[in-house]
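Thank you all for making time this morning. I would like to walk you through one structure slowly, and I will ask you to keep the picture in view while I talk.

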Amino acid sequence: MNADVLNDLYRIDVFGPSILTIGTVHKVFIVDIMKLGRNKELDLKLTDIFKNSQATFCGFGIPTLINYFQQFYRDYNFLKHVERIIDARIMYHKVQKKGQRSFASIFYILFAKRIDMTVQFSDWEQRPLTQNQLHQTGIDLQNLLRIVFKLKGLGENKNKINLRVYLDQIISYVTNFTYVDNPAVQNQF
Amino acid sequence: MIEGYKFKQPIVGRCILIEDINNLDLLDELKSLNSTDMIGLNV
């Protein structure tokens, strides 16, 4: 249910995102932004987390994700300043050098398993969300993290200097809704 | 920077739906993570 898939399946470009999923390998929070609407308290909370957490953030298709929030939730500021964020799509490109692929195709290449798209075709605007939808949302985030960890391992095994620098020295960032993909790396190599 | 992780169990049961503004404080635990942790973001 990453941004790229949603763009094709759920007319997210018309209605905007209905949920925001944020979490770790241990716990996933599904924030119902459609229900909460343009809520200042939510924005302040997310901004606080994005600015103060020492963790590294990751997503898939960050520029697309940013565009959605810029277009549909412009009042939200939490995505304007993220100091450390990894785009798994770009990460894959740096490791495999095979161009940019969809989330599902990268997952299949790395794990030889197809992602079940059944739930992704369901109605994400209806409330309450079904247990299957909530389940799938958690699985999607878990799969995203699995991709990042897998690529990190592959990068180390292949001694990919681009990826090593990407992960260890220069993390991409977002400023004023603009995704900046570690320019120092691009200049260096 | 990124710690390896083996997924031994499904994440089902660890999803928390936040649809009430009074429950936003549940997100605070994400602030206490350290630099080796990874936070995924999706829509």
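In this predicted model, three strands of chain A form an open sheet in the order β4-β6-β7, and their pairing is antiparallel. The edges of that sheet are held by β4, residues 81-82, and β7, residues 178-180, of chain A, and each has a single partner strand, so one side of each is left without a neighbour in the sheet. Between β4(A) and strand β6 of chain A, which covers residues 173-175, there are two bridges, with the strands running antiparallel. If you want a place to put your finger, look for A:Val82, which stands opposite A:Val174 in β6(A).

Let me turn to the other sheet, where both chains take part. Here six strands form an open sheet in the order β5(A)-β3(A)-β2(B)-β1(A)-β2(A)-β1(B), and the pairing is mixed. The edge strands are β5 of chain A, residues 85-87, together with β1 of chain B, each of which pairs on one side only. From one strand to the next, the twist averages 20°.

What, then, surrounds strand β2 of chain B, residues 38-42? Five of its five residues are buried, so this strand is largely enclosed by the rest of the structure. Both of its faces are covered, with B:Met38, B:Gly40 and B:Asn42 buried on one side and B:Ile39 and B:Leu41 buried on the other. On one flank, strand β1 of chain A, residues 20-23, pairs with β2(B) in the antiparallel sense over three bridges; in that pairing A:Gly23 has B:Gly40 as its bridge partner, and A:Ile22 stands opposite B:Leu41. Strand β3 of chain A, residues 56-59, is also joined to β2(B) by three bridges, but these two strands run parallel. Along that pairing, A:Thr56 has B:Met38 as its bridge partner, while A:Phe57 stands opposite B:Ile39.

Staying with β1(A), we find that both of its faces are covered as well, since A:Leu20 and A:Ile22 on one side and A:Thr21 and A:Gly23 on the other are all buried. This strand pairs in the antiparallel sense with strand β2 of chain A, residues 28-31, over four bridges, and the two form a hairpin with four residues between them. Within the hairpin, A:Leu20 has A:Val31 as its bridge partner, and A:Ile22 stands opposite A:Phe29.

Now for the helices that lie against this sheet. Helix α6 of chain A, residues 88-96, lies across β3 and β5 of chain A and runs at about 65° to β5(A). Helix α8(A) packs on the sheet too, touching β1, β2, β3 and β5 of chain A together with β1 and β2 of chain B, and its direction makes about 130° with that of β2(B).

In α6(A), the buried residues are A:Ala88, A:Arg89, A:Met91, A:Tyr92, A:Lys94 and A:Val95. Just after this helix, A:Lys97 takes a positive phi of about 55°. Leaving out residues up to four places away in sequence, A:Ala88 touches A:Cys58, A:Gly59, A:Phe60, A:Leu144, A:Ile147, A:Val148 and A:Leu151.

As background, nonpolar side chains tend to be buried together in soluble globular proteins. In this model the largest nonpolar core has 51 residues, and those with the most contacts inside it are A:Ile30, A:Val31, A:Cys58, A:Ala88, A:Leu144 and A:Val148. The largest share of this core, seven residues, comes from α8(A).

How many residues does each chain bring to the contact between chain A and chain B? Chain A gives 54 residues and chain B gives 29. On the chain A side, helix α8, residues 131-157, supplies the largest share, 15 residues. That side divides into 28 nonpolar, 16 polar and 10 charged residues.

I will finish with one residue of chain B, namely B:Leu27, which is found in the loop between β1, residues 15-18, and β2 of that chain. Is B:Leu27 buried or partly exposed? It has 19 other C-beta atoms within 10 Å, and because a residue needs 20 or more to be buried, B:Leu27 is partly exposed. Apart from neighbours within four places in sequence, B:Leu27 is in contact with A:Phe29, A:Lys45 and A:Ile49.

Notes
Residues numbered from 1 in each chain as written. Chains lettered and ligands numbered in written order. Predicted model: local features only at pLDDT ≥ 70, side-chain atom pairs only at ≥ 80, totals over all residues. Pairing = 2+ DSSP bridges. Buried ≥ 20, exposed ≤ 12 C-beta atoms within 10 Å, placed from the backbone. Contact = placed C-beta atoms within 7 Å. Nonpolar A, V, L, I, M, F, W, Y, C, P; charged D, E, K, R; others polar. Core = buried A, V, L, I, M, F, W, Y, C linked by C-beta atoms within 7 Å. Axes fitted to C-alpha atoms, helices over the stretch in contact; angles between N-to-C directions.
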